[in-house]
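Follow the strands of this model one after another. Then look at what packs around them.

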Amino acid sequence: MYDVIALGELLIDFTQNGISEQGNPIFEANAGGAPCNVLSMLSNLGRKTSFIGVVGDDQFGIMLINTLNNIGIDTSHLYTHKKVNTTLAFVHTLVNGDRDFSFYRNLGADMMLKKSQIDENHIKSTKIFHFGTLSMTHIGVKKATYYALELARKAGCIISFDPNLRPPLWESLVEAKTQIEYGLSMSDIVKISDDEVRFLTGYDDIKAGGRILHEKYPNIKLLNVTLGNCGSIAFYKDLEVFVPAFIQKQTIETTGAGDTFCASILHHVLDLGIENLNNNKLYDMLRFANAAASIITTRKGALCVMPKEDEIKNLLLNE
């Protein structure tokens, strides 16, 4: 029934959008959360998607549910919590376009997903199951995530993972590393950033760090490392393919760039499969994903402003 089901956080990203007359920063409420950003991009590419998670029974929760419905993401397994409010994140854009996050999540509704809310038949209905680590920071939602992964593997789904490391949300970075390593051990496709490669391997040479992860986790069939404004690398069997980034003069922030990239990779895997990729297919896949990611950097927010396929193709044709 579905091309991709994702599990994890759905929240409000408050992104800075100007300065008031009193000189105070103005923040705009944007729908966000990495797993749903991925689904939003996939929906733009014509894929059928569904989300598993929890929002608060509050105005922000209503906004998020309506947003997903309007985009076309199935919300039949998006639950509301009566007592715990929707998770909030304040995104501070740095001079170089990167971000710093302040989370209001102790408690946050996305942490309240229970194992009993995971529907086996729902998991069985997808080709790809996608997840990150924010659904493994606390015991209850971690049990739900582990159970969903168990069901997805049993059903023969392709499993996709983006570590999406957010240090402030972990009791310790040791625990964060443990959960990321668990995610890596369970996955067929991984999208990981250069900073996360450094965190896991201690290597500043990202290509060398990527090779270490590729060798350590032979279950990962396709490992994609994003390099910010330098591009991306795919590790697949004995192939290593690098594609430079598309640099946009209008870049204002990087929120959602990794999620857009990840969705673009999954879109290609749905078309091509994961067993018989070659150098040319990997190059075209990364080039499309890099182009899509560059477009989202020119926009505020992510989930509601993902690029359309024709925008990406126009950028590729004009480069």
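Leu7 stands opposite Ile52 in strand 4. Strand 1 (residues 2–7) and strand 4 (residues 49–56) run parallel and are joined by 4 bridges. Helices (H or I, at least four residues) and strands (E, at least two) are DSSP runs, numbered from the N terminus. Two strands pair if DSSP finds at least two bridges between them.

This is a predicted model, in which local features need pLDDT of at least 70 and side-chain atom pairs count only at pLDDT 80 or more, while totals for chains, interfaces and linings use all residues. Residues are numbered from 1 along each chain as its sequence is written, and side-chain values use heavy atoms, with hydrogens and water left out.

Now widen the view. Strands 1 and 4 belong to an open sheet of 9 strands, in the order 5-4-1-8-9-10-11-12-13. The pairing is mixed. Strand 5 (74–81) and strand 13 are the edges, each pairing on one side only. On average, neighbouring strands are turned by 15° against each other, direction ignored. Such angles run from 0 to 180 degrees between N-to-C directions, and axes are lines fitted to C-alpha atoms, for helices over the stretch in contact (heavy atoms within 4.5 Å).

Helix 6 (residues 194–201) lies across strand 9 (158–162), strand 10 (189–193) and strand 11. The helix runs at about 95° to strand 10.

Go on to strand 12. Strand 11 (residues 222–226) pairs with strand 12 in the antiparallel sense over 4 bridges. Val225 has Ile233 as its bridge partner. The hairpin of these two strands has 5 residues between them, and Gly228 takes a positive phi near 60° there. On to strand 13 (residues 239–243): strand 12 pairs with it, again antiparallel, over 5 bridges. Here Phe235 has Glu240 as its bridge partner. This hairpin has 2 residues between the strands, and Lys237 takes a positive phi near 50°.

Why is strand 12 largely enclosed by the rest of the structure? Because 5 of the 5 residues of strand 12 (residues 232–236) are buried (under 20% relative accessible area, 1.4 Å probe, protein chains only; exposed is over 50%, partly exposed in between). Ser232, Ala234 and Tyr236 point one way, Ile233 and Phe235 the other. In a regular strand the side chains alternate between the two faces of the sheet.

Leu222 touches Ala234, Phe235 and Tyr236, among others. Leu222 is also among the residues with the most contacts inside the largest nonpolar core, which has 53 residues. Helix 9 (residues 279–296) gives the largest share of this core, 10 residues. A second, separate core of 41 residues includes Ile52. A nonpolar core is a set of buried Ala, Val, Leu, Ile, Met, Phe, Trp, Tyr and Cys residues joined through side-chain atoms within 4.5 Å.

How values were computed:
Lists of a residue's contacts leave out its neighbours within four places in sequence.
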